[in-house]
Amino acid sequence: MVSFSITINGRPWRARLVRSLPRYWVPLHPPGRVLAGRRLFTWPYVLQALRLPYRLCRFPEPVLVVPALVARLAATNLAEFDEEEAHPPVPVRHPEQPHAWLTCLVILPLVLVHALTGMAASLPGLLPDLPLPATRQAWLDLYSLDCVRVLLFGEWSRCITALFLHQDAGHLAANAAFSLLFCRLLGNRTGFGLALVLTIWTGALANAVTIPLREGPVTSLGFSTALFAAIGSLSGFASHFSRPQAFLPLACGAGLLALLGSSGENTDYMAHVAGLLYGMLTGWAAALLTARHPQLFRPFWQTCFLAAAFLLPPAGFVLRLLAP
């Protein structure tokens, strides 16, 4: 149907050209109801998205007609569309966990180990019964990640101890600052204990999986692998509840990876990428586990996770110290 205006003897007239409809086409709404408001504009788009034939006519009010064979399908989908508009789905938001500030404890082993390496010369006199290294370089040689020694002598505990060694105070400050930020964000979702487990344990795992992939002798140290594990865990955990939110920590991780490119050839990109990838896997697994067992968010279990996170570093140092 086409409407147009004409003037006859100086008076305006409204004319309508009505085209006949195909046979067996029926209206989608009762005759007593008028197609108006948002439905007049949204219903045709819904039918177009469903690839259903339709026509919008006026008799003289707007009427939406479809073939009788698809009338029930069209009516059902339009009713569901109206229901969604009237009651839009509420996005599932994971509640923030309490005491997330306890994740700041992650910097304690970093600062403690750095302080011990700084006073390495006096430690043998204070603890004569322990075969502690007498120089800072000896600490780095004993506890840093050396892929050759790991492969030849099975010194896998280096994957743990290397996380807590840093070259200098600047290296330590950068890793500590970013770890405080992302561990806090992760703790808001997973709880303080599980966040530290995902950070420290996944960081050690990422160090371990890179050993067979090295093409030559490589030594590395620093908490940055665990930092990227925290970023990946945050992304993996967030993707289980809200996928759009998962891209923000990934973008931050990519930005940090690009930023660290200015540090030169000493950057261990393989460990950083492994931390991101394995962090995503462990974060996704943690989301599935906590969704099935929400009692893991309780303070008792979070405290158990916290103990498990902080038992790993001393275990690694003791194993390295007592190794033959």
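Which helix does Ser 224 lie in? Ser 224 sits in helix α10, and since this is a predicted model, that placement is computed, like everything else below. With a relative accessibility of 9%, Ser 224 counts as buried, because the cut-off for that label is under 20%. Setting aside neighbours within four places in sequence, Ser 224 is in contact with Asn 175 and His 272.

Let's step back and look at the whole chain. The protein chain has 13 helices and seven strands. Of its 324 residues, 42% are buried. Take the contacts with a sequence separation of 6 or more: 71% of them join residues 24 or more positions apart. As for the outside, the protein chain exposes about 18,400 Å², and carbon and sulfur atoms supply 66% of that area.

Now for the inside. The largest nonpolar core has 40 residues, and Phe 164 and Phe 223 are the ones with the most contacts inside it. Quite a few helices chip in: α3 (107-118), α5 (136-143), α8 (169-190), α9 (192-210), α10 (224-241), α12 (269-292) and α13 (299-322) each supply at least two residues of this core. The top contributor is α9, which gives eight residues. Another core lies apart from this one; it has 11 residues, among them Leu 28, Leu 47, Val 66 and Leu 78.

Phe 164 is a good spot to zoom in on. Not counting residues up to four places away in sequence, Phe 164 touches Pro 109, Leu 110, Val 113, Ile 200, Phe 223, Pro 313 and Phe 317. So what else touches Phe 317? Tyr 143 does, and Tyr 143 is found in helix α5. Beyond Phe 317, and again leaving out residues up to four places away, Tyr 143 touches Arg 158, Thr 161, Ala 162, Leu 165, Arg 320 and Leu 321. Is Tyr 143 buried or exposed? Tyr 143 is buried, because its relative accessible area is 2% and the cut-off is under 20%. Tyr 143 and Ser 220 are 77 residues apart along the chain, yet their C-alpha atoms are separated by 9.9 Å.

Back to α10, this time with α9 as its partner. The axes of α9 and α10 come within 8 Å and cross at roughly 115 degrees, and the crossing is right-handed. On the α9 side, the residues involved are Leu 198, Thr 199, Thr 202, Gly 203, Ala 206 and Asn 207. They meet Thr 225, Ala 226, Ala 229, Ala 230 and Ser 233 from α10. Sorted by class, this contact has five nonpolar, six polar and no charged residues.

Next along the chain is α11 (residues 243-259), where Phe 247 lies. Is this phenylalanine buried or exposed? Phe 247 is exposed, because its relative accessible area of 60% is over the 50% cut-off. The C-alpha atoms of Phe 247 and Gly 236 are 9.6 Å apart, with their positions 11 residues apart along the chain.

Let's turn to a strand. Pro 67 is found in β5 (residues 62-67), and this proline counts as buried at 16% relative accessibility. Aside from neighbours within four places in sequence, Pro 67 is in contact with Tyr 24, Trp 25 and Pro 53. Tyr 54 is 13 residues from Pro 67 in sequence and 7.4 Å away in space, C-alpha to C-alpha.

Finally, a word on backbone angles. Most residues other than glycine have a negative phi. Which residues have a positive phi although they are not glycines? Arg 51 has a positive phi of about 60 degrees, and His 99 also has a positive phi of about 60 degrees. Both are in loops: Arg 51 has its place between α1 (39-49) and β4 (55-58), while His 99 lies between α2 (71-86) and α3. Arg 51 is exposed, with a relative accessible area of 75%. His 99 is partly exposed, because its relative accessible area of 45% falls between the 20% and 50% cut-offs.

How values were computed. Residues numbered from 1 in each chain as written. Predicted model: local features only at pLDDT ≥ 70, side-chain atom pairs only at ≥ 80, totals over all residues. Heavy atoms only, no water. Core = buried A, V, L, I, M, F, W, Y, C linked by side-chain atoms within 4.5 Å. Buried < 20%, exposed > 50% of the residue type's maximum accessible area, 1.4 Å probe, protein only. Helix = DSSP H or I, 4+ residues; strand = E, 2+ residues; numbered from the N terminus. Contact = heavy atoms within 4.5 Å. Axes fitted to C-alpha atoms, helices over the stretch in contact; angles between N-to-C directions. Left-handed = near helix turned anticlockwise from the far one by under 90°. Nonpolar A, V, L, I, M, F, W, Y, C, P; charged D, E, K, R; others polar. Areas by Shrake-Rupley, 256 points an atom, 1.4 Å probe, with all protein chains shown as cover.
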